[in-house]
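Please open the structure in your viewer and keep the selection tool at hand. The tour moves from one selection to the next and says what to look for at each stop.

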Amino acid sequence: MEQAPNAQPAIPSVQSRSTRSPLVRLLIFFALAGVFFLAIDAVFTPWAFFMGGHFHFNPKWAGWGRMHSNIVGDYVIYMSISPYFGRGRSLTDITGRGALCTQRGDNYTLDVGGSFERHPGIDLQGKTAVIYAHNYSRYGSQYDPSLEFRGKWNNPDLVLDDHGSLTQAFYPGGKLAAHSNMRPIQEVVPLKLHEGSRADFDAACAAMKSR
(Lines give C-alpha, C1' and ligand atoms only; values in the text may rest on other atoms or scores of the structure.)
Protein backbone atom coordinates (compact mmCIF):
# COMPACT_ATOMS: atom_id res chain seq x y z
CA MET A 1 0.00 0.00 0.00
CA GLU A 2 1.38 3.41 -0.96
CA GLN A 3 2.02 5.95 1.77
CA ALA A 4 -0.16 9.05 1.64
CA PRO A 5 1.72 12.05 0.24
CA ASN A 6 1.42 13.98 3.47
CA ALA A 7 2.39 11.08 5.77
CA GLN A 8 5.36 11.74 8.05
CA PRO A 9 7.99 9.12 9.01
CA ALA A 10 7.58 7.64 12.46
CA ILE A 11 9.59 9.50 15.09
CA PRO A 12 10.61 7.68 18.28
CA SER A 13 8.66 9.04 21.19
CA VAL A 14 10.37 11.28 23.72
CA GLN A 15 9.47 8.71 26.39
CA SER A 16 11.24 5.90 24.48
CA ARG A 17 14.41 7.96 24.08
CA SER A 18 14.35 9.05 27.71
CA THR A 19 14.00 5.42 28.83
CA ARG A 20 16.98 4.23 26.77
CA SER A 21 19.25 7.11 27.69
CA PRO A 22 19.71 6.22 31.40
CA LEU A 23 20.28 2.58 30.43
CA VAL A 24 23.02 3.55 27.97
CA ARG A 25 24.64 5.79 30.58
CA LEU A 26 24.51 2.96 33.12
CA LEU A 27 26.16 0.53 30.69
CA ILE A 28 28.88 3.07 29.92
CA PHE A 29 29.45 3.63 33.65
CA PHE A 30 29.92 -0.10 34.34
CA ALA A 31 32.21 -0.48 31.33
CA LEU A 32 34.40 2.42 32.49
CA ALA A 33 34.41 1.10 36.07
CA GLY A 34 35.56 -2.30 34.82
CA VAL A 35 38.38 -0.72 32.81
CA PHE A 36 39.36 1.39 35.83
CA PHE A 37 39.70 -1.61 38.16
CA LEU A 38 41.56 -3.62 35.53
CA ALA A 39 43.98 -0.69 35.16
CA ILE A 40 44.58 -0.64 38.93
CA ASP A 41 45.36 -4.37 38.89
CA ALA A 42 47.67 -3.91 35.91
CA VAL A 43 49.66 -1.18 37.67
CA PHE A 44 49.89 -2.61 41.19
CA THR A 45 49.48 -6.39 40.74
CA PRO A 46 50.56 -7.28 37.19
CA TRP A 47 51.34 -10.82 38.35
CA ALA A 48 47.59 -11.42 38.71
CA PHE A 49 47.23 -11.52 34.90
CA PHE A 50 49.91 -14.23 34.63
CA MET A 51 49.01 -16.69 37.40
CA GLY A 52 49.66 -20.17 36.11
CA GLY A 53 52.36 -18.94 33.74
CA HIS A 54 50.21 -17.54 30.95
CA PHE A 55 48.29 -14.35 30.27
CA HIS A 56 44.58 -14.11 31.04
CA PHE A 57 42.52 -10.94 30.73
CA ASN A 58 40.71 -11.48 34.04
CA PRO A 59 43.17 -11.14 36.99
CA LYS A 60 41.92 -14.32 38.60
CA TRP A 61 43.06 -17.96 38.79
CA ALA A 62 41.11 -21.09 39.66
CA GLY A 63 42.36 -24.58 40.34
CA TRP A 64 41.49 -27.85 42.00
CA GLY A 65 43.29 -30.87 43.39
CA ARG A 66 43.01 -34.11 45.33
CA MET A 67 44.36 -34.81 48.80
CA HIS A 68 45.01 -38.30 50.17
CA SER A 69 45.82 -38.87 53.81
CA ASN A 70 46.78 -42.26 55.19
CA ILE A 71 44.97 -41.25 58.39
CA VAL A 72 41.83 -39.28 57.43
CA GLY A 73 41.21 -40.43 53.84
CA ASP A 74 40.45 -38.66 50.55
CA TYR A 75 39.33 -35.10 49.73
CA VAL A 76 38.97 -32.80 46.72
CA ILE A 77 39.46 -29.04 47.00
CA TYR A 78 38.81 -26.07 44.70
CA MET A 79 40.04 -22.48 44.98
CA SER A 80 39.47 -19.30 42.97
CA ILE A 81 41.86 -16.48 43.88
CA SER A 82 42.50 -12.86 42.93
CA PRO A 83 44.44 -9.86 44.35
CA TYR A 84 43.23 -8.33 47.61
CA PHE A 85 43.65 -4.61 48.12
CA GLY A 86 43.13 -2.94 51.46
CA ARG A 87 44.68 -0.94 54.25
CA GLY A 88 47.61 -2.72 55.82
CA ARG A 89 47.82 -5.32 53.05
CA SER A 90 50.71 -6.07 50.74
CA LEU A 91 50.53 -6.05 46.96
CA THR A 92 50.75 -9.84 46.88
CA ASP A 93 47.83 -10.57 49.21
CA ILE A 94 45.04 -12.68 47.76
CA THR A 95 41.40 -13.41 48.46
CA GLY A 96 38.89 -15.81 47.03
CA ARG A 97 36.37 -18.56 47.52
CA GLY A 98 36.55 -22.28 47.26
CA ALA A 99 34.98 -25.63 48.10
CA LEU A 100 35.95 -28.89 49.73
CA CYS A 101 34.29 -32.28 49.39
CA THR A 102 34.99 -35.36 51.47
CA GLN A 103 34.82 -39.08 50.88
CA ARG A 104 31.71 -39.10 53.11
CA GLY A 105 29.88 -36.86 50.64
CA ASP A 106 30.09 -33.71 52.78
CA ASN A 107 30.62 -30.39 51.01
CA TYR A 108 32.00 -27.17 52.51
CA THR A 109 32.12 -23.68 51.07
CA LEU A 110 35.51 -22.07 51.74
CA ASP A 111 36.64 -18.51 52.34
CA VAL A 112 40.19 -18.21 50.95
CA GLY A 113 42.97 -15.76 51.80
CA GLY A 114 46.75 -15.61 51.88
CA SER A 115 49.73 -14.13 50.08
CA PHE A 116 52.50 -14.81 47.59
CA GLU A 117 56.18 -13.98 47.84
CA ARG A 118 56.72 -10.22 47.63
CA HIS A 119 58.03 -8.34 44.59
CA PRO A 120 57.21 -11.06 42.04
CA GLY A 121 57.03 -8.82 38.97
CA ILE A 122 54.79 -10.58 36.48
CA ASP A 123 56.28 -14.07 36.83
CA LEU A 124 55.22 -16.13 39.85
CA GLN A 125 57.24 -19.19 38.81
CA GLY A 126 59.01 -20.54 41.92
CA LYS A 127 57.49 -17.88 44.18
CA THR A 128 56.22 -19.04 47.56
CA ALA A 129 52.56 -19.15 48.55
CA VAL A 130 50.73 -19.26 51.86
CA ILE A 131 46.98 -19.92 51.61
CA TYR A 132 44.36 -20.18 54.33
CA ALA A 133 40.96 -21.73 53.67
CA HIS A 134 38.20 -22.06 56.23
CA ASN A 135 34.53 -22.92 56.18
CA TYR A 136 32.62 -19.83 55.07
CA SER A 137 30.16 -18.64 57.73
CA ARG A 138 28.38 -15.34 57.08
CA TYR A 139 26.60 -15.11 60.41
CA GLY A 140 27.95 -17.84 62.66
CA SER A 141 31.24 -18.36 64.43
CA GLN A 142 31.87 -21.90 63.21
CA TYR A 143 34.79 -21.96 60.77
CA ASP A 144 35.75 -25.65 60.79
CA PRO A 145 37.27 -27.05 58.70
CA SER A 146 40.12 -24.57 58.81
CA LEU A 147 43.03 -25.47 56.54
CA GLU A 148 46.45 -23.99 55.82
CA PHE A 149 48.60 -24.58 52.75
CA ARG A 150 52.22 -23.66 52.00
CA GLY A 151 54.28 -24.18 48.88
CA LYS A 152 55.18 -22.47 45.62
CA TRP A 153 54.19 -22.00 42.01
CA ASN A 154 55.42 -24.59 39.55
CA ASN A 155 53.57 -23.29 36.49
CA PRO A 156 50.90 -24.08 35.58
CA ASP A 157 50.28 -25.62 39.03
CA LEU A 158 50.40 -24.55 42.65
CA VAL A 159 52.41 -27.21 44.51
CA LEU A 160 51.54 -27.15 48.20
CA ASP A 161 51.22 -29.17 51.37
CA ASP A 162 48.56 -28.85 54.04
CA HIS A 163 50.99 -27.94 56.86
CA GLY A 164 49.37 -30.72 58.88
CA SER A 165 45.97 -29.05 58.94
CA LEU A 166 43.93 -31.80 57.24
CA THR A 167 44.49 -34.33 60.01
CA GLN A 168 43.67 -31.61 62.52
CA ALA A 169 40.40 -30.78 60.75
CA PHE A 170 39.02 -34.31 60.24
CA TYR A 171 38.77 -37.65 61.95
CA PRO A 172 39.49 -40.91 60.08
CA GLY A 173 36.75 -41.48 57.51
CA GLY A 174 36.18 -37.77 56.92
CA LYS A 175 34.10 -36.77 59.93
CA LEU A 176 34.62 -33.11 60.82
CA ALA A 177 36.57 -32.40 64.01
CA ALA A 178 35.49 -29.45 66.15
CA HIS A 179 38.10 -26.96 67.41
CA SER A 180 40.61 -28.40 64.98
CA ASN A 181 43.35 -25.90 65.88
CA MET A 182 43.57 -27.58 69.29
CA ARG A 183 44.27 -31.02 67.83
CA PRO A 184 47.81 -32.35 67.19
CA ILE A 185 49.34 -32.54 63.70
CA GLN A 186 49.59 -36.17 62.64
CA GLU A 187 50.56 -36.04 58.97
CA VAL A 188 51.56 -33.52 56.27
CA VAL A 189 49.53 -34.09 53.10
CA PRO A 190 50.67 -32.89 49.64
CA LEU A 191 48.35 -30.98 47.33
CA LYS A 192 48.83 -30.01 43.68
CA LEU A 193 46.28 -27.48 42.45
CA HIS A 194 45.76 -27.85 38.71
CA GLU A 195 44.28 -24.94 36.80
CA GLY A 196 40.64 -25.79 36.22
CA SER A 197 37.00 -24.89 36.70
CA ARG A 198 34.37 -25.53 39.33
CA ALA A 199 32.88 -28.07 36.94
CA ASP A 200 36.18 -30.02 37.01
CA PHE A 201 36.01 -30.02 40.81
CA ASP A 202 32.40 -31.20 40.83
CA ALA A 203 33.26 -34.05 38.46
CA ALA A 204 36.20 -35.13 40.66
CA CYS A 205 33.96 -35.07 43.74
CA ALA A 206 31.33 -37.19 42.03
CA ALA A 207 33.98 -39.70 40.92
CA MET A 208 35.39 -39.96 44.45
CA LYS A 209 31.97 -40.53 46.02
CA SER A 210 31.07 -43.23 43.48
CA ARG A 211 34.06 -45.38 44.36
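A residue is called buried here when its relative accessible area is under 20%, and exposed when that area is over 50%, with partly exposed in between. Keep in mind throughout that this is a predicted model.

**Stop 1: a group of aromatic rings**

Begin by selecting Trp47 and Phe116, both of which are buried. A search of the whole structure finds eight aromatic pairs. In the pair of Trp47 and Phe116, the ring centres are 5.5 Å apart and the planes stand at 80°, so this pair is edge-to-face. Trp47 sits in the loop between helix 1 (14-44) and strand 1 (61-69), while Phe116 belongs to strand 4 (residues 107-116), so the pair ties together parts that are 69 residues apart in sequence.

Now keep Phe116 selected and add Trp153. The centres of the rings of Phe116 and Trp153 are 5.7 Å apart and their planes lie at 75°, so this pair is also edge-to-face. Because Phe116 is in strand 4 and Trp153 is in strand 6 (residues 146-154), the pair ties together parts that are 37 residues apart in sequence. Is Trp153 buried or exposed? Its relative accessible area is 0%, so Trp153 counts as buried, and Phe116, with a relative accessible area of 3%, is buried as well. To complete the picture, add Trp61, since Trp47, Trp61, Phe116 and Trp153 form one aromatic cluster.

**Stop 2: the nonpolar cores**

Phe116 also leads to the next selection, the largest nonpolar core, which has 31 residues. Select Met51, Met67, Ile77, Leu100, Phe116, Phe149 and Leu158, which are the residues of this core that touch the most other members. Apart from this core lies another one, of 10 residues, including Ala62, Ala99, Ala204 and Met208.

Return to Met67 and display its surroundings: leaving aside residues up to four places away in sequence, Met67 touches Gly73, Asp74, Tyr75, Ile77, Leu100, Phe149, Leu166, Val189, Pro190 and Leu191.

**Stop 3: helix 3**

Next select helix 3 (residues 198-209), which has 12 residues and reaches 17 Å from its first C-alpha to its last, close to the 16 Å expected at 1.5 Å a residue. Within helix 3, colour Phe201, Ala204, Cys205 and Met208, which are buried. These residues cover an arc of only 100° around the axis, which puts them on the same side of helix 3. What do the buried residues of helix 3 pack against? They pack against strand 1, strand 2 and strand 3.

**Stop 4: two buried residues in loops**

Select Ala177, which you will find in the loop between helix 2 (165-169) and strand 8 (190-195). Ala177 is buried, with a relative accessible area of 0%. If residues up to four places away in sequence are not counted, Ala177 touches Asp144, Gln168, Ala169, Phe170, Tyr171 and Arg183. Try a distance tool on Ala177 and Pro145: these residues are 32 residues apart along the chain, and their C-alpha atoms are separated by 7.6 Å.

Then move to Ser90, in the loop between strand 2 (73-83) and strand 3 (93-102). Ser90 has a relative accessible area of 15% and is therefore buried. The side chains of Ser90 and Asp93 are joined by a polar contact of 3.0 Å. Ser90 also touches Tyr84 and Arg118, again not counting residues up to four places away in sequence.

**Stop 5: backbone details**

The last selections concern the backbone. Select Asn155 and Pro156, and look at the peptide bond from Asn155 to Pro156, which is cis, with omega near 10°. Pro156 is located in the loop between strand 6 and strand 7 (157-161).

Continue to His119, in the loop between strand 4 and strand 5 (128-135), where phi is near 55°, a positive value in a residue other than glycine. At 75% relative accessibility, His119 counts as exposed.

Finish at His163, in the loop between strand 7 and helix 2. Phi of His163 is near 55°, which is a positive value in a residue other than glycine, and His163 is partly exposed, with a relative accessible area of 37%.

Key: Residues numbered from 1 in each chain as written. Predicted model: local features only at pLDDT ≥ 70, side-chain atom pairs only at ≥ 80, totals over all residues. Heavy atoms only, no water. Phe/Tyr/Trp six-rings, centres within 6.5 Å; stacked < 30°, edge-to-face > 60°. Helix = DSSP H or I, 4+ residues; strand = E, 2+ residues; numbered from the N terminus. Buried < 20%, exposed > 50% of the residue type's maximum accessible area, 1.4 Å probe, protein only. Contact = heavy atoms within 4.5 Å. Core = buried A, V, L, I, M, F, W, Y, C linked by side-chain atoms within 4.5 Å. Polar contact = N/O pair within 3.5 Å; in protein donor to acceptor, adjacent residues only side chain to side chain. Expected span 1.5 Å × (residues − 1). Arc of directions from axis to C-beta.
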